[in-house]
Amino acid sequence: MLGRRNFGLRVFGAPNTLSQLKISPDGRKAAIPLLNYSDYPVQDISLHLLGNYTKATLLTRAGPKSLAVFESGDGIEIEVDRLADVGVVVVE
């Protein structure tokens with residue numbers, strides 16, 4: 001059994017979305033590809049990530065969008081308002 005602290009990434013509010021955490025070798029940057037495979041946009045996604053990152057950007061076909069980063073227990077929390085189909089959240 002794994003506890004909450006063992007996960008590098010937890011995704012909430014995105015049941016039809018695939019995600020995967022990729023961290024750079026030096027640990028300073030991370031990328032979270034998000035793929036919405038439903039036929040409607042997903043809204044109010046919450047990403048909980050271990051680490052002390054301070055900046056997050058959502059990259060989509062519409063262009064980059066800065067995201068707010070909140071401290072949360074052992075790491076950070078990032079809120080994604082809306083994801084139409086595919087995007088990548090980059091944290092630094």
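In this predicted model, strands β5 and β9 pair up antiparallel, with 8 bridges between them. Within that pairing, L49 sits across from I76 of β9. Strand β9 has another partner in β8 (residues 69-72), and here too the sense is antiparallel, over 4 bridges. V69 faces I78 of β9 in this arrangement. The β8–β9 hairpin leaves 2 residues between its strands, and G73 in that hairpin adopts a positive phi near 55°.

A positive phi turns up at D44 as well, at about 60°, even though D44 is not a glycine. This residue belongs to strand β5. As for its surroundings, D44 counts as exposed because its relative accessible area is 55%, and the cut-off for that class is over 50%.

Strand β10 comes next. Residues 86-91 make up this strand, with G87, V89 and V91 on a covered face and V86, V88 and V90 on an uncovered one. Strand β4 (residues 30-36) runs antiparallel to β10, and the two share 6 bridges. P33 has V88 of β10 as its bridge partner. Strand β6 is also antiparallel to β10, this time through 4 bridges, and T57 is placed opposite V90 there.

T57 itself is a residue of strand β6. With a relative accessibility of 15%, T57 is classed as buried, since that class takes in anything under 20%. Setting aside residues up to four places away in sequence, T57 touches P64, K65, S66 and L67, along with V88, V89 and V90. One of these, V90, is the residue that T57 stands opposite in β10.

Strand β6 pairs with β7 too, antiparallel and through 5 bridges. L59 and P64 of β7 stand opposite each other in that pairing. The link from β6 to β7 is a hairpin with 2 residues in the connection. R61 lies in the loop between these two strands, and it counts as exposed because its relative accessibility is 70%. In sequence R61 is 26 residues away from G87, yet the C-alpha to C-alpha separation of the pair is 7.7 Å. G87, for its part, is on the covered face of β10.

R61 also takes part in a pocket. The second largest pocket in the model has a volume of about 170 Å³. Its lining consists of L58, T60, R61, A62, G63 and K65, together with D81, R82, A84, D85 and V86. Strands β6 (56-60), β7 (63-67) and β9 (75-83) are the elements that contribute two or more residues to this lining. By residue class, the lining of this pocket comes to 4 nonpolar, 2 polar and 5 charged residues. V86, one of the lining residues, is on the uncovered face of β10.

What about the interior? The largest nonpolar core holds 19 residues, and the members that touch the most others are L47, I78, V89 and V91. At least two residues of this core come from each of β4, β5 (42-50), β6, β9 and β10. Several of these residues have already appeared: V89 and V91 are on the covered face of β10, and I78 is the residue of β9 that stands opposite V69. The contacts of V91, leaving out neighbours within four places in sequence, are R28, K29, A30, L49, Y53, K55, A56 and I78. Among these, L49 is the residue opposite I76 in the pairing with β9, while I78 is another of the core members with the most contacts to other members.

Finally, there is K22, which is located in strand β3 (residues 22-23). Its relative accessibility is 46%, so K22 is classed as partly exposed. Away from its neighbours within four places in sequence, K22 is in contact with K29, A30 and A31. K29 and A30 are also among the contacts of V91. K22 and I76 are separated by 54 residues in sequence and by 16 Å in space, taken between C-alpha atoms.

Key:
Residues numbered from 1 in each chain as written. Predicted model: local features only at pLDDT ≥ 70, side-chain atom pairs only at ≥ 80, totals over all residues. Heavy atoms only, no water. 1 Å grid on protein atoms, 1.4 Å probe; cavity = no way out; pocket = protein on both sides within 12 Å on 5 of 7 lines; lining within 4 Å. Points joined across faces, edges and corners; volume = space filled by probe spheres on them. Nonpolar A, V, L, I, M, F, W, Y, C, P; charged D, E, K, R; others polar. Buried < 20%, exposed > 50% of the residue type's maximum accessible area, 1.4 Å probe, protein only. Pairing = 2+ DSSP bridges. Core = buried A, V, L, I, M, F, W, Y, C linked by side-chain atoms within 4.5 Å. Contact = heavy atoms within 4.5 Å.
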